[in-house]
Every structure is written in C-alpha cells, then in structure tokens.
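Welcome, and thanks for taking a look at this one. Please have the viewer open as you read the briefing below.

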Amino acid sequence: LFPCSRKGAMMDNRFATALVIACVLSLISTIYMAASIGTDFWYEYHTLSPAENVTEAGRSIWEEFFSKEADEKTYTDALFRCNGTVGLWRRCITVPKNSHWYSPPETDMTTNCISFSLSDQFMEKYIEPGNHNSGTDLNRTYLWRLQFLLPFVSIGLMCFGALIGLCACACRSLYPAIATGVLHFLAGLCTLGLVGCYVAGIELLHKKLPLPDDVRGEFGWSFCLACVSAPLQFMAAALFIWAARTNRKEFTLLKAYRVA
C-alpha cells in the first residue's frame, strides 16, 4: 500500500507543479496582452526633431492630423513628419509645447494623441490612401479589422479558460484542464494571427505610402509584448493538456493495478 501511496503523492506533486507553472504563464501572457492593447507603441516613426518643423506648413499638418475629417494619407504623413507612434486604438505625434505663431520655436516637446473611433476601426481602406474614388483595398481593410478584433478574442478565451480552471479546482479534478489548455491554444493562435495581420498591414501601407528618406520606421515595444504573449500562451496550453492527460492515464493504470 505504501509504494502506491508514495507514487500517487509524487504524481500529484508533479501535476501540481505543472499547473502552477501553466497558471503563472497564463497570467503573464494576459498582462502582456492587455498592456500591448492599451499602449500606443506598436509602430514608431523617427525623423528630425519636430521643433525644426515649426512652420506654417507644420502647423497645418498638426491641425489636419487632429481633424475629424483626417483620412489615412493625412494622418500617416503627420506620423512620418512628427515622430509618430501608432497603437491599436490611438495614433500620436510629437509637437512643441508652445506652437503659437507669435512664440519662438521651443525644444520642449509633448506627445498628443487622438483615438480611433469604432467607425475608424471598421472603415474601408482604399487602393490609393486618401483617394475615395480609387476603390476598396480588401486586403488592408480586413487586416485592419482583424487586428482590432483578434486581441479581444484572445483575452476572452484566456479569461474563459481561467473560469474553467477555477471550476476544476472547486471540483478537485484535472479533467477540465484539457479544456483550459485548448482555450489557451486557441488564444495563442489569435495572438499569432494578430501579430501577422499587423505586420502585413504595415508592409502593405508602406508600399502605398513609402517612407521618406529621412524617416525610419520600426516596431515598438507594444508590438513586442504581443509577440512574447503568443509563445507564453502556447506553453501554458501544453502544460495544461499534458497535466490533464497524463493524470488521467496514470489514474487508469493505477486503478487497473489495484483491480489486478
């Protein structure tokens, strides 16, 4: 009897360790995903200091950027020229704190942002950005919509998986952990799809609107958080599924041993 009890205790410790690690990975990936959605540094543009662009033309660019009628080409040009950053929900530019016509140029800069409305998120993209008569660019339109929807689906799946995990703890059973693992795997696929859609959308945009020679673009840390979140979700899924399946297999073998 003692060998069986000792073996069962060892297996329980092993499964418990796997579940704890999986829960920690799930929590970290959820935090990373939430942080990436809520921040504005998915893509960054770097150019000369915006303080050098304090001219009438520069002021008109800023005004058009914050206008409700700003189209894709208008605000993209402002992002190019004003050290802009783009998130899933907002776009930002860096401007001088005091840009009145009677004030001298200043080196003190501030970041001003404007949010994408829901209508902006589902707005059609055009073959020639800014030209409504050029026809709809279906590829960019659906890539933009997917990059807005997929992160929320990913977080929703992980939250639902956490709820199932709590039910499993209440029932003192590892079997529901399989469902939690599957949900985390699907969440990882959604996050991976989000990253792919965003990269493809940026590349297609830059083919339509090439970067000026003095402007450099790069993916920011918000994008990197999403990239890190995906493998964490896959690892958590693997641990949940492994613990549940292995525990079921070991329990079946132990039951057969006792019957024998």
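Which helices each supply at least two residues of the lining of the largest cavity? They are α3, α5 (residues 138–171) and α6 (residues 177–208). Do keep in mind that this is a predicted model. The points below start with the overall fold, then go to the inner spaces and end at the surface.

**Overall fold**

- The chain has seven helices and five strands.
- From start to end of the sequence, these elements come in the order α-β-α-α-β-β-β-α-α-α-β-α.
- Of the 260 residues in the chain, 42% are buried.
- If you take the contacts between residues at least 6 apart in sequence, 75% of them join residues at least 24 apart.
- The chain has an accessible surface of about 14,300 Å², and carbon and sulfur atoms account for 65% of that area.

**The cavity**

- One cavity of 30 Å³ or more turns up when the whole structure is searched.
- The volume of the largest cavity is about 220 Å³.
- Its lining consists of 17 residues, and those closest to the centre are E72, W144, G201, I202 and L205.
- Helix α6 provides the largest share of this lining, with five residues.

**The second largest pocket**

- The second largest pocket holds about 360 Å³ of space.
- Two elements, α3 (residues 72–81) and β4 (residues 109–115), give two or more residues to the lining of this pocket.
- In total, 20 residues line the second largest pocket, and A70, D71, Y75, D120 and M123 lie nearest its centre.
- Helix α3 is worth a second look in your viewer: it contributes at least two residues to the lining of the largest cavity and two or more to that of the second largest pocket.

**A nonpolar patch on the surface**

- V20, V24, L27, I28, I31, Y32 and V228 make a nonpolar surface patch of about 580 Å².
- The main contributor is helix α1 (residues 2–38), which gives six residues to the patch.
- V24, one of the patch residues, is found in helix α1.
- Why can V24 count towards a patch? Its relative accessible area is 43%, so V24 is partly exposed and passes the cut-off of over 30% that patch residues must meet.

Key: Residues numbered from 1 in each chain as written. Predicted model: local features only at pLDDT ≥ 70, side-chain atom pairs only at ≥ 80, totals over all residues. Heavy atoms only, no water. Patch = residues over 30% accessible without salt bridge, like charges linked within 9 Å, V, L, I, M, F, W, Y side chains within 5 Å. Areas by Shrake-Rupley, 256 points an atom, 1.4 Å probe, with all protein chains shown as cover. Salt bridge = Lys/Arg side-chain N within 4 Å of Asp/Glu carboxyl O. Helix = DSSP H or I, 4+ residues; strand = E, 2+ residues; numbered from the N terminus. Buried < 20%, exposed > 50% of the residue type's maximum accessible area, 1.4 Å probe, protein only. Contact = heavy atoms within 4.5 Å. 1 Å grid on protein atoms, 1.4 Å probe; cavity = no way out; pocket = protein on both sides within 12 Å on 5 of 7 lines; lining within 4 Å. Points joined across faces, edges and corners; volume = space filled by probe spheres on them.
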